[in-house]
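Visitor: Could you take me through one part of this model closely, namely the sheet and the nonpolar core, and set that part within the chain as a whole?

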Amino acid sequence: MFAAFKDIWGNQALLAGLGKAVETGKLAHAYLIMGAEGTQKETLAHAIASAILCDAPTATGGACGHCSSCGFLRGGGHPDCHAIYPDGQSLKIEQIRALRDEASLHSFMSEKRVFLIFQAEALTDQAANGFLKLLEEPPAGTHFILSTGQAARLQPTILSRCQILKIDRLGIAELGAALHAAFPDLQPEEAAEIARRSQGLPERARQAAAPEALARRQSDLALRERIMHGDLTDLFRLAEEMEKNKDEVERLLINLSDWFGTDLGLGQADSSFSAGRIRAIAPLLEEIALSRQLIKNVNARLVLDVLFIEILRFRGVLQGGRASS
Ligand SMILES: [Zn+2]
């Protein structure tokens, strides 16, 4: 896969360091990329691999995107670039042996070869020992790029032989700006909202900003408006509209616990406020959980009717006041 440094959001200092290494021809022979789920670890691994194999990389962009090496990477297969993922639950010794055999062959296009090892925490002890031997005496021109979300599970000897690259989540404002730049159709407020909900994780934000996800979110918001402001007649009508589609009812119930639980309670900065709020809403959250059980066997319309009556009763709390009794 092809990637350039500009495909990574935020993380300016990290990218500047890598750019410097490209410029001076000092890319390390082994990198370990550490970061939480959703931080673009894999994209970064591909960006470094692309920069290593590119014929004319630049300090700012990494791989040029135009040379024949970049062309092969874009096309999905470069003969000197190999990636391995866990086979089932683990990265196995057989995979490392195959990698070692591959590394012993001569490179095809340039003097360089790159091996990407994703989810490196899944290396079995045996595989890790086998890999360590390769790391200790790498064939000339060979580069290894590992990525992990759980560095503590890696053998310290592997850690100590890799240059560590920590990729961070972004600040909410920074992610919002990056999202807006990547998806110009997105309103700035919408981008900010997605950034907040994605907890600074670019991959999560990117998924949430995809047109399909966005359309879904907009219809969810409309539904939420209706539930928060409609009268009982309208809510009963809604139950009638939804009863045929159990998947949709299930989705609504999941959304309801998010809206009433996470958004109104845990999302608040003031913890004393949110503790009180969560206590007040707890019975409603239980009711929602119960409804999820009930719709498996009971008529969905009936379950929703009862739940909507309950929501009306709690509306005061949901909107910032007290429950009406
Ligand atoms: Zn290139």
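**The sheet and the core**

Guide: For the chain's 325 residues, a compact globule would have a radius of gyration near 20 Å, whereas the chain has 26 Å. This is a predicted model, and its C-alpha trace spans about 75 × 40 × 40 Å along the principal axes. The chain has 14 helices and 5 strands, and 32% of its 325 residues are buried. Among the contacts between residues at least 6 apart in sequence, 70% join residues that are at least 24 apart.

The sheet is a convenient place to begin. Its 5 strands form an open sheet with parallel pairing, in the order S2-S3-S4-S1-S5. Strand S2 (81–84) and strand S5 (163–166) stand at the edges, and each has a single partner strand, so one side of each is left without a neighbour in the sheet. From one strand to the next, the twist averages 20°. Within this arrangement, strand S3 (residues 113–117) runs parallel to strand S4 (residues 142–148), to which 5 bridges join it; Phe115, for example, has Phe144 in S4 as its bridge partner. Helix H4 (residues 93–104) lies across S2, S3 and S4, and runs at about 175° to S2.

Between H4 and S3 there is a loop, and Lys112 lies in it. Lys112 counts as partly exposed because it has 18 C-beta neighbours inside 10 Å, where 20 or more would be needed for a residue to be buried. Setting aside residues up to four places away in sequence, Lys112 touches Ile52, Leu53, Asp80, Ser107, Gly141 and His143. One of these, Leu53, is 59 residues apart from Lys112 along the chain, yet their C-alpha atoms are separated by 6.6 Å.

Leu53 also leads to Ser69, a residue of helix H3 (residues 68–74). Leaving aside neighbours within four places in sequence, Ser69 is in contact with Leu53, Cys54, Asp55, His78, Met109 and Ser110. Ser69 has 25 C-beta neighbours inside 10 Å and therefore counts as buried. By way of contrast in distance, Ser69 and Leu294 are 225 residues apart in sequence and 58 Å apart in space, taken from C-alpha to C-alpha.

The core can now be taken in turn. In soluble globular proteins, nonpolar side chains tend to be buried together. Here the largest nonpolar core has 55 residues, of which Ile33, Ile48, Ala49, Ile145 and Leu146 touch the most other members. Helix H2 (residues 41–53) gives the largest share of this core, 8 residues. Because domain 1 (5–166) and domain 2 (171–209) both give residues to this core, it lies between them.

Ile33 deserves a closer look: not counting residues up to four places away in sequence, it touches Lys41, Leu44, Ala45, Ile145, Leu146, Ser147, Leu165 and Ile167. Apart from this core lies another one, of 18 residues, which includes Ile227, Leu253, Leu284 and Leu318.

Conventions
Residues are numbered from 1 along each chain as its sequence is written. This is a predicted model: local features need pLDDT of at least 70, side-chain atom pairs count only at pLDDT 80 or more; totals for chains, interfaces and linings use all residues. A nonpolar core is a set of buried Ala, Val, Leu, Ile, Met, Phe, Trp, Tyr and Cys residues joined through C-beta atoms within 7 Å. A residue is buried if 20 or more other C-beta atoms lie within 10 Å of its own, exposed if 12 or fewer, and partly exposed in between; C-beta atoms are placed from the backbone. Helices (H or I, at least four residues) and strands (E, at least two) are DSSP runs, numbered from the N terminus. Domain bounds come from an automatic or database domain assignment. Two residues are in contact if their C-beta atoms, placed from the backbone, lie within 7 Å. Two strands pair if DSSP finds at least two bridges between them. Axes are lines fitted to C-alpha atoms, for helices over the stretch in contact, and angles run from 0 to 180 degrees between N-to-C directions. The radius of gyration is taken over C-alpha atoms; the globule rule is 2.2 Å times the number of residues to the power 0.38.
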